[in-house]
Structure formats: C-alpha cells, structure tokens
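Q: I have a model open on my screen and I'd like to learn how to read its features. Can you walk me through it?

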Amino acid sequence: MKNTFLTLIIAAGTISPVAVAAQYKEPEKKDKQEIFYPQVSFDSLQAKKMLARGSATIKGVAFTKAKDKNWGLKMGKRILANQIRVVLLPVTPYFNAWYQLRKEKENTRKRRYVYLSNEAYRYRLEAITNSSGEFTFPEMKPGTYFLQGFLPYTQNGYYHEYTGAAYNGYNRTNYYELKQYSVNHEDRIEAFVEVKENGEIVNVKLH
C-alpha cells in the first residue's frame, strides 16, 4: 500500500508541459534591437503653429547617386526619385533633440534606432514626387524645416565568374564567364530648408 501511495503522489505532482505557457521568448541576437526616443517634451501647439498656412513655397528635386563599389562614394548620374513620399517636419526643440540623439546613438548595423514619438510624427506635411523627382510644399510659413525621403533603386553591374581551367602541356588556361548582378538599395535622403519670409520660393536639393 505504501508503494502505491507514493506512486500516486508523484503522478499528481507531475507538471504537464502543455499546461504552462512561456512568459518570454528570448529573441535571437541578430533580431535584438535598441530603440531610443528624445527625453524632451514635445510642444504640439508650437508644431501646429509652424505648420499653419503661409504664402511661401518650397520647391525641390529629390535624387541620389549610386555608391562606387570600391570607394563607397556616391558617383555617377543622378537617380531621380520617382513617385516617392517626401516628409516635411518643423524644426522644434524636440526635433533638435531627436536629431542630436540620432547622431549620437543611431547605428543600423547594430540595430540601434532613434525614433520620434508618435505625437511628434503626426505634425508633418507630405508630398509625392513626379517621375523627375520634383516636389512642392505650397503655403508655407517662415521657419526652418527638415525634409526626408527614402529612395529605392537597383544597381546593376558585371563580373567575371571563374568556370574552370584547361592544361596544354605545361601551360594552364583559366576560363571565366561574364555574369550580370543586381543589388537593391534604399537611400535615406535628407535636407534642412529655411523659409525666411512670406511669398518667397525656396529651392532645395534633397539628396
């Protein structure tokens, strides 16, 4: 009887793995990311006032250039921003804090990102470029603004792929085949623009 009683206690104390749900799943290191926000209060009334209607116009052209694969420098012809969204943000003290924090903390390779708060991002204007990369923000008030867009493009090129070798006596001949490659990119293009007075037209290059 004692053996039977002990067996029942052990069975009753068994924890079914199905009955317990994991409270936290540890992400893979490659998926971990750090998110930072400015530690400054956002003044929505100030932002709203800066985005009120004025009589100035901001006109621009958005473009980028492909990076040289050897030097990493943007070279060559312009790649025009065709039908991309350009965002305009008022440069407030909150924005300045975000921009400075981004310079200090952001590192996309290490998955470290600096974001605006949802409330701050709501106070923005948007424009869509045409096929020539041109965009316009009409009815702007005097002030300083920040423009940002994301421009996708494909970089094409050629390389020689080794396919084998042949021997003729003591001589060796290597054979290569010309292959084409395509690499997709997305450049973040940004610019600050200042409207000094009502009625003026300010031209800007966003790249």
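Q: Leaving aside neighbours within four places in sequence, which residues is Tyr94 in contact with?
A: Keep in mind that this is a predicted model. Tyr94 touches Pro38, Val40, Ser41, Phe42, Leu116, Ser117 and Ala120, once its neighbours within four places in sequence are set aside. Tyr94 itself lies in helix α3, residues 93-105. You can also look at C-alpha positions: Tyr94 and Asp43 are 51 residues apart in sequence, and their C-alpha atoms are 7.6 Å apart in space.

Q: Is Tyr94 buried or exposed?
A: Buried, with a relative accessible area of 5%. Its side chain also has a polar partner: a polar atom there lies 3.0 Å from the backbone nitrogen of Ser117.

Q: Phe42 was on that contact list. How do I read the ring pair of Phe42 and Tyr123?
A: Two aromatic rings are described by the distance of their centres and the angle of their planes. A search of the whole structure finds 15 aromatic pairs. For Phe42 and Tyr123, the centres are 5.8 Å apart and the planes sit at 50°, so this pair is tilted. Phe42 is in the loop between β1 (34-36) and α2 (44-50), while Tyr123 is in the loop between α4 (118-122) and β6 (125-128), so the pair ties together parts that are 81 residues apart in sequence. Phe42 counts as buried at 17% relative accessibility, and Tyr123 counts as partly exposed at 23%.

Q: What about Tyr113 and Tyr115: how are their rings arranged?
A: Their planes are at 15° and their centres 6.2 Å apart, so this pair is stacked. Tyr115 is partly exposed, with a relative accessible area of 36%.

Q: Which residues do ring pairs link into a cluster?
A: Phe95, Trp98, Tyr99, Phe146 and Phe192. A ring can have a charged partner as well: Arg78 lies over the face of Phe63, 3.9 Å from the ring centre.

Q: Now the strands. Which way does β4 run relative to β6?
A: A general idea to carry along: side chains in a regular strand alternate between the two faces of the sheet. Here, β4 and β6 run antiparallel and are joined by four bridges. Arg85 stands opposite Ile128 in β6. Strand β4 also runs antiparallel to β8 (residues 143-168), with five bridges between them; on that side, Pro90 stands opposite Tyr145. As for cover, five of the six residues in β4 (residues 85-90) are buried.

Q: Where does Gln148 lie, and what does its side chain contact?
A: Gln148 lies in strand β8. A polar contact of 2.8 Å joins its side chain to that of Glu190. Gln148 is buried, with a relative accessible area of 18%. Not counting residues up to four places away in sequence, Gln148 touches Arg85, Val86, Val87, Arg102, Arg188, Ile189 and Glu190.

Q: How many residues are in the largest nonpolar core?
A: There are 24, and those with the most contacts inside this core are Ile58, Leu88, Phe135, Phe137, Tyr145, Leu147 and Leu206. At least two core residues come from each of β2 (56-67), β4, β7 (134-140), β8, β9 (171-195) and β10 (201-206). Take Leu88: beyond its neighbours within four places in sequence, its contacts include Leu51, Ile58, Phe137, Tyr145 and Leu147. Another core, of 14 residues, lies apart from the largest one, and Phe36, Leu89, Val91 and Leu116 are among its members.

Notes
Residues numbered from 1 in each chain as written. Predicted model: local features only at pLDDT ≥ 70, side-chain atom pairs only at ≥ 80, totals over all residues. Heavy atoms only, no water. Phe/Tyr/Trp six-rings, centres within 6.5 Å; stacked < 30°, edge-to-face > 60°. Buried < 20%, exposed > 50% of the residue type's maximum accessible area, 1.4 Å probe, protein only. Lys NZ or Arg CZ within 6 Å of the ring centre and 35° of its normal. Pairing = 2+ DSSP bridges. Polar contact = N/O pair within 3.5 Å; in protein donor to acceptor, adjacent residues only side chain to side chain. Contact = heavy atoms within 4.5 Å. Core = buried A, V, L, I, M, F, W, Y, C linked by side-chain atoms within 4.5 Å.
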